[in-house]
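Me: I would like to learn how to read a model of this kind, beginning with the helices and then moving outward. Could we go through it step by step?

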Amino acid sequence: MYYIKDIIKNINLVIGCDIGCSYCYARNNCKRFRTIPDFSIPTFFESKLRLLDNNKHSAYLLTGQSDLSGWKDNWINKTFEKMRQNPKTQYIFLTKRPEKLNISSAPENAWFGVTITTAKEKVRISELFENVKANHYHLTFEPLFEDVGKLDLENIDWIVVGTETGNRKGKSISKREWVLNIINQAKAKKIPVFMKEDLLGIFDENEFIQELPKSFLGENL
Ligand code: SF4
């Protein structure tokens, strides 16, 4: 079984987010390590752009400690410029507020996704398509608070499913049937699915499906 962080490394170009999810581990990390004084004010670490030149891994997550909707336009433009200089590497963004984005010319190697935790949040899929014109789209279902029901997975290139981690009071544990509902719909559309390691215990190791888009498969795997 793979740990997703061993395959897709984080480069935290931006730290901070004002969405305020109760389960946010990034905010807790920030408090613990005092990376920035106020997590609700996103901060751009421009000097980290050079890390995008590291092609040791085939894919990097750029929003591990932020939400793309909190990035300023010039931060996005500078990041896109660097991504275009590294066309073989894939760069992944996630958001919970796709309605706030306005991206009309993303680099070919950019992957844009939304997080969905409830059935109501499925609207984020169409909002993502409306506001971000890109070549690759993905979805993350983590944490899950309920069965998300039927999904429109047209033009989705990758799906990640997990469960809430940490020790939060009121923590939501994904139910097997919620996860299987998502996986079965993805399989019907032949979309690669990655079950995160946190699902171990809810699923046996031999039930794990850990698929990646072809362009994420580097020499390390
Ligand atoms: S969107 Fe992400 S970074 Fe922002 S508060 Fe929620 S979990 Fe934290």
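Reply: Let us begin with burial, keeping in mind that this is a predicted model. A residue counts as buried if 20 or more other C-beta atoms lie within 10 Å of its own, the C-beta atoms being placed from the backbone.

Me: By that criterion, which residues of helix α4 are buried?

Reply: In α4, which runs over residues 123–131, the buried residues are R124, I125 and L128.

Me: Why do the buried residues of α4 line one face of the helix?

Reply: The general idea is that an α-helix has 3.6 residues a turn, so residues three or four places apart point the same way. In this case, when one looks down the axis of α4, the buried residues fall within an arc of 110°, and so they line one face of the helix. Among the elements that cover these buried residues are β6 (110–115) and β7 (136–141).

Me: How many helices and strands does the protein chain have?

Reply: The protein chain has 5 helices and 9 strands. Its radius of gyration is 17 Å, close to the 17 Å that the globule rule gives for 221 residues, so the chain is as compact as a globular protein of that length. Of those 221 residues, 36% count as buried.

Me: Which residues surround the ligand, and how do they divide by class?

Reply: The ligand is surrounded by C17, I19, G20, C21, C24, A26, R27, S66, D67 and K96. Sorted by class, this shell comprises 5 nonpolar, 2 polar and 3 charged residues.

Terms used. Residues numbered from 1 in each chain as written. Predicted model: local features only at pLDDT ≥ 70, side-chain atom pairs only at ≥ 80, totals over all residues. Near = placed C-beta within 6 Å. Nonpolar A, V, L, I, M, F, W, Y, C, P; charged D, E, K, R; others polar. Buried ≥ 20, exposed ≤ 12 C-beta atoms within 10 Å, placed from the backbone. Helix = DSSP H or I, 4+ residues; strand = E, 2+ residues; numbered from the N terminus. Arc of directions from axis to C-beta. Contact = placed C-beta atoms within 7 Å. Rg over C-alpha atoms; globule rule 2.2 N^0.38 Å.
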